[in-house]
Amino acid sequence: MVTRPAADTEALRQRAWNAAAAVADPELPVLTIADLGILRDVTVQDGRVEVAITPTYSGCPAMSVIALEVGLALERAGIGGAHIRTVLSPAWTTAWLTPEARRKLAIYGIAPPQDGAGRRALFGAEAVPCPRCGSTRTERLSEFGSTACKALWRCTDCREPFDYFKCH
């Protein structure tokens, strides 16, 4: 067993966090896994790094790529033998998106999830601002967009289609 001073352990943990946090989401390359809230935790025990990640939904096909990319990022940072663990509980929620993630989504042309958008389930109505012109005169075309975590919407003012990052 390797015993490291607490300062060394914390420095290793921070270095591992920084390396993992910089990994881009393969389906939304404008966002990092830290922006999305997918990166849950980084721990160091007995000199070994463990990274915990949570999928945006349980069947997310990007998770294997994300785990691989995290492992490669750690290797590039000089951290070998790390364990990447998928954590399903508690389930990921759009509340974990950082303000920076929301800003990046809008710039990228994807409407970020609205605060309190869960109301749609109760009342069947949701006003999603168009990321291009800002109009709230929009309509959902399909519950399924370019990826399973997005829905396809259209603005009735500028007539442009856009993805909306679904709430959950």
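These exercises, each with a worked solution, walk through a predicted model of one protein chain.

**Exercise 1. The chain as a whole**

Find how many helices and strands the protein chain has, and in what order they come.

Solution. Begin with the count: the protein chain holds five helices and seven strands. Next, read the elements from the N terminus, which gives α-α-β-β-α-β-α-β-α-β-β-β. Then turn to burial: 38% of the 168 residues count as buried. For the outside, the protein chain exposes about 8,800 Å², and carbon and sulfur atoms supply 54% of that area. Finally, look at the contacts between residues at least 6 apart in sequence: 51% of them join residues at least 24 apart.

**Exercise 2. The three-stranded sheet**

Work out which strands stand at the edges of the open sheet that contains β1, β2 and β3.

Solution. Start with the strand order, which is β1-β2-β3, with mixed pairing. In this open sheet, β1 (39-45) and β3 (83-86) each have a single partner strand, so they stand at the edges and one side of each is left without a neighbour in the sheet. Neighbouring strands here are turned by 20 degrees against each other on average, direction ignored. Now add the helix: α3 (residues 63-76) packs on the sheet and touches β2 and β3. The direction of α3 makes about 150 degrees with that of β2.

For the pairing in detail, follow β1 and β2 (residues 48-53), which run antiparallel and are joined by six bridges. Within this pair, Leu39 stands opposite Ile53 in β2.

**Exercise 3. The four-stranded sheet**

Repeat the analysis for the sheet made of β4, β5, β6 and β7, and find which strands have a single partner.

Solution. The order in this open sheet is β4-β7-β6-β5, again a mixed pairing. The edge strands are β4 and β5 (138-142); each has a single partner strand, so one side of each lacks a neighbour in the sheet. Now take the pair β4 and β7: two bridges join them in the parallel sense. One residue pair to look for is Ile110 with its bridge partner in β7, Asp163.

Stay in β7 for one more residue, Pro161. With 41% relative accessibility, Pro161 counts as partly exposed. Beyond four places in sequence, Pro161 touches Arg132, Leu152, Trp153 and Arg154. The C-alpha atoms of Pro161 and Arg132 are 9.5 Å apart, while 29 residues separate the two in sequence.

**Exercise 4. The faces of α4**

Decide whether the buried residues of α4 line one face of the helix or are spread around it.

Solution. First list the buried residues of α4 (residues 99-108): Ala101, Arg102, Lys104 and Leu105. Seen down the helix axis, they fall within an arc of 165 degrees, so they line one face of α4. On the other side, Pro99 and Ile107 are exposed. To see what the buried residues pack against, look to α2 (33-36), β4 (110-111) and β7 (161-165). The residue following α4 is Gly109, with a positive phi near 95 degrees.

**Exercise 5. The nonpolar cores**

Find which residues touch the most other members of the largest nonpolar core.

Solution. The largest nonpolar core has 32 residues, and Val51 and Phe165 touch the most other members. As for where the members come from, α1 (6-21), α2, β1, β2, α3 and α4 each supply at least two residues. Now follow Phe165: leaving aside neighbours within four places in sequence, its contacts include Leu28, Leu36, Trp92, Leu105 and Ile110. A second, separate core has eight residues, among them Val128, Cys130, Ala151 and Phe162. As background, nonpolar side chains tend to be buried together in soluble globular proteins.

**Exercise 6. Backbone details in the loops**

Identify what kind of peptide bond joins Ser89 and Pro90, and look for positive phi values at Asp46 and Arg159.

Solution. Keep the usual pattern in mind: most residues other than glycine have a negative phi, and most peptide bonds are trans. The bond between Ser89 and Pro90 is cis, with omega about 0 degrees. Pro90 sits in the loop between β3 and α4.

Next comes Asp46, in the loop between β1 and β2, where phi is positive, near 55 degrees. Asp46 counts as partly exposed, at 46% relative accessibility. Last is Arg159, whose phi is also positive, about 70 degrees; Arg159 lies in the loop between β6 (150-155) and β7.

Key
Residues are numbered from 1 along each chain as its sequence is written. This is a predicted model: local features need pLDDT of at least 70, side-chain atom pairs count only at pLDDT 80 or more; totals for chains, interfaces and linings use all residues. Side-chain values use heavy atoms; hydrogens and water are left out. Buried means under 20% relative accessible area, exposed over 50%, partly exposed in between (1.4 Å probe, protein chains only). The arc is that of the directions from the helix axis to the C-beta atoms. Contact means heavy atoms within 4.5 Å. Two strands pair if DSSP finds at least two bridges between them. Axes are lines fitted to C-alpha atoms, for helices over the stretch in contact, and angles run from 0 to 180 degrees between N-to-C directions. Accessible areas come from the Shrake-Rupley method with a 1.4 Å probe; for residues, only the protein chains shown count as cover. A nonpolar core is a set of buried Ala, Val, Leu, Ile, Met, Phe, Trp, Tyr and Cys residues joined through side-chain atoms within 4.5 Å.
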